[in-house]
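The following exercises concern helix packing, enclosed space and backbone geometry in a single protein chain. Each task is followed by a solution in steps.

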Amino acid sequence: MNQEIANFDYYNPTHIVFGKDRLKELATLIPQGKKVLLLYGGGSVVRFGTLDKVKQALSGFELGEFGGIEANPTFETLSKAIELVKAEGYDFLLAVGGGSVIDGTKFVASAAKFDGDPLDIFGNGVGAGRPVTSALPFGTVLTLPATGSEMNSGAVITIKAKKAKVSFGSAVTFPVFSILDPELTYTLPARQLANGVIDAFVHIMEQYMTYPVGAMVQDRYAEGLLQTLIEIGPDVIKEDLHDYNLRANFMWTATNALNGTLNKGVPQDWASHSLGHEITALYGIDHARTLAIVLPALLSVRKQEKREKLLQYAERVWQITEGDAEERIDAAIVKTGQFFEVLGAGTHFSDYNLGEEVVEALVSQLSDHKLTAISERGDQTLEVSREIYRKAL
Ligand code: NZQ
Ligand code: ZN
């Protein structure tokens, strides 16, 4: 296995506008004369007044609205937004919400300019997987720190008709700007705050917990972000604790966890996400909670493949220095599961009233979506994935 840092390009054009009261700068971030479609979710931004503030800030623009983008945004709902954009000629999109609204907006922006059936934007057995080469420009107002979608070019979309949850990405689907106001997180319930901490944690792990290539900056950066989440996580989930710095640190950690910095030149796994997406597709469990189920089991099953990094993680992230190598690895895996549990996320299928029946159903989904050789070495076969699902029962 190559033990050197691989060649890489680092490109991230998203303008981050971070801090209190920045919404009022919206009009300076969108070019004058644009016809803007505001996209949002199930209504939280209406209830908590964020949408009104956005409209006020953009009073000089021609505006339209598309609400109702659900958590785990669906192709079916987004298709209606695509029609609207085409019929009304919107030429700038503004996502106001969490990862689902932002991902949905990336898809609408891409599909509006896509030549052919938008389903072909997806691969994984869903469509032809043709590249997205142009997209409408869009910005975001982030209301939920979790996915990093506000500063990356990826999106995950559910195709209900196919029971599939698949991703796409391209160099043209970075947001032009993202407004990150930590005070917008004050209305989040504990469950979504916990989801955010867990999702960010696992994003870091997907890019860190592989095998060492001597990437000191990427490793230390990942370890610093993990330690930050471990330190602040238990306070972040206190929904009434409106401590500005606490939420600001949370927000910026979640963005950095998946803005394309950690993965540069290093191997990446993403198997926890692949296995997790199938759980959401079949059983509707929140994205982050599927990761809380999969990651501890995956680390146990893949102990040998990830041995060196697990030892590094045990020592540097959890300060575990006692015991032999096997004991230290086991202790780090236990700590990881306990961290998710402290945040209120069950780490077994049984915590979600699911049993043995899930294993073959999920393995069959992986097979349908051609996820038969995943992880950092491409050696996670269906057999290994089956073992991981079993371990998580
Ligand atoms: O829909 P509304 O009414 O707005 O309510 C939302 C939703 O019910 C609510 N919410 C958001 N901001 C709020 C708020 N409630 C009160 N106050 C606020 N400030 O939270 C609920 C969940 O929102 P959602 O956007 O679904 O959550 P999240 O940001 O965790 O996004 C999850 C989606 O992102 C995908 C996931 O697969 C999932 O579909 N991911 C996207 C990634 C990417 N683009 O890079 C990477 C991730 O790994 C992930 O897969
Ligand atoms: Zn995720």
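**Exercise 1. Describe how helices α9 and α10 pack against each other in this predicted model.**

Solution. Begin with the axes: helix α9, residues 271–283, and α10 have axes that come within 8 Å and cross at roughly 130°. Next, classify the angle. Angles over 145 degrees count as roughly antiparallel and those from 65 to 115 as roughly perpendicular, with the rest above 35 degrees oblique; α9 and α10 are therefore oblique to each other. The handedness of the α9 and α10 crossing is right-handed.

Then list the residues in contact. On the α9 side they are A271, S272, H273, L275, G276, H277, I279 and T280, and on the α10 side H287, T290, L291, V294, L295 and L298. Sorted by class, the contact of α9 with α10 has 7 nonpolar and 7 polar residues, and no charged ones.

**Exercise 2. Determine the geometry and the composition of the contact between α6 and α9.**

Solution. The first step is again the axes, which for α6 and α9 come within 9 Å and cross at roughly 135°. That angle makes α6 oblique to α9.

The second step is the contact itself. Helix α6 contributes D199, V202, H203 and E206, while α9 contributes A271, S272 and H273. The third step is to divide these residues by class: the contact of α6 with α9 has 2 nonpolar, 3 polar and 2 charged residues.

A point to carry forward is that A271, S272 and H273 of α9 also belong to the contact with α10.

**Exercise 3. Carry out the analysis for α6 and α11.**

Solution. Helix α11 covers residues 307–316, and α6 packs with α11 at an angle of about 135°, the axes being 11 Å apart. α6 is therefore oblique to α11.

From α6, the contact draws on F201, M205 and Y208; from α11, on K309, Q312 and Y313. The class division of the contact of α6 with α11 is 4 nonpolar, 1 polar and 1 charged.

**Exercise 4. How many cavities of 30 Å³ or more does the model contain, and what lines the largest cavity?**

Solution. The count is 2 cavities of 30 Å³ or more. The largest cavity holds about 60 Å³ of space. It is lined by 13 residues, and those closest to its centre are Q207, Y208, D219, V266 and K309.

To place this lining among the helices, note that α6 (190–208) and α7 (216–236) each supply at least two residues. The most is given by α7, with 3 residues. By class, the lining of the largest cavity has 8 nonpolar, 3 polar and 2 charged residues.

A link to Exercise 3 follows: Y208 of α6 and K309 of α11 also take part in the contact of those helices.

**Exercise 5. Which residues line the second largest cavity, and which helix gives the most to its lining?**

Solution. The second largest cavity has a volume of about 30 Å³. Its lining consists of M205, E206, M209, D269, S272, L295, L298, L299 and K306. Both α6 and α10 supply at least two of these residues, and α10 gives the most, with 3. The classes are 5 nonpolar, 1 polar and 3 charged.

Several lining residues recur from the helix contacts. S272, L295 and L298 belong to the α9 and α10 contact, E206 to that of α6 with α9, and M205 to that of α6 with α11.

**Exercise 6. Characterise the second largest pocket.**

Solution. The volume of the second largest pocket is about 220 Å³. Of its 14 lining residues, P296, S300, I333, V334 and G337 lie nearest the centre. Two elements give two or more residues to this lining, namely α10 (287–301) and α12 (325–342). The most comes from α12, with 6 residues. The lining divides into 5 nonpolar, 5 polar and 4 charged residues.

**Exercise 7. Where do the non-glycine residues D21 and N124, each with a positive phi, lie?**

Solution. For D21, phi is near 60°, and D21 lies in the loop between β1 (15–18) and α1 (26–29). For N124, phi is about 50°. N124 is found in the loop between α5 (99–111) and β5 (138–142).

Key: Residues are numbered from 1 along each chain as its sequence is written. Chains are lettered from A and ligands numbered from 1 in the order in which they are written. This is a predicted model: local features need pLDDT of at least 70, side-chain atom pairs count only at pLDDT 80 or more; totals for chains, interfaces and linings use all residues. Side-chain values use heavy atoms; hydrogens and water are left out. On a 1 Å grid over the protein atoms alone, a cavity is a set of points where a 1.4 Å probe fits but cannot get out, and a pocket is an open set with protein on both sides within 12 Å along at least five of seven lines; lining residues have an atom within 4 Å of a point. Grid points are joined across faces, edges and corners, and a volume is the space filled by probe spheres set on the points. Helices (H or I, at least four residues) and strands (E, at least two) are DSSP runs, numbered from the N terminus. Ala, Val, Leu, Ile, Met, Phe, Trp, Tyr, Cys and Pro count as nonpolar, Asp, Glu, Lys and Arg as charged, and the others, Gly among them, as polar. Axes are lines fitted to C-alpha atoms, for helices over the stretch in contact, and angles run from 0 to 180 degrees between N-to-C directions. A crossing is left-handed if the near helix is turned anticlockwise from the far one by less than a right angle, and right-handed if clockwise. Contact means heavy atoms within 4.5 Å.
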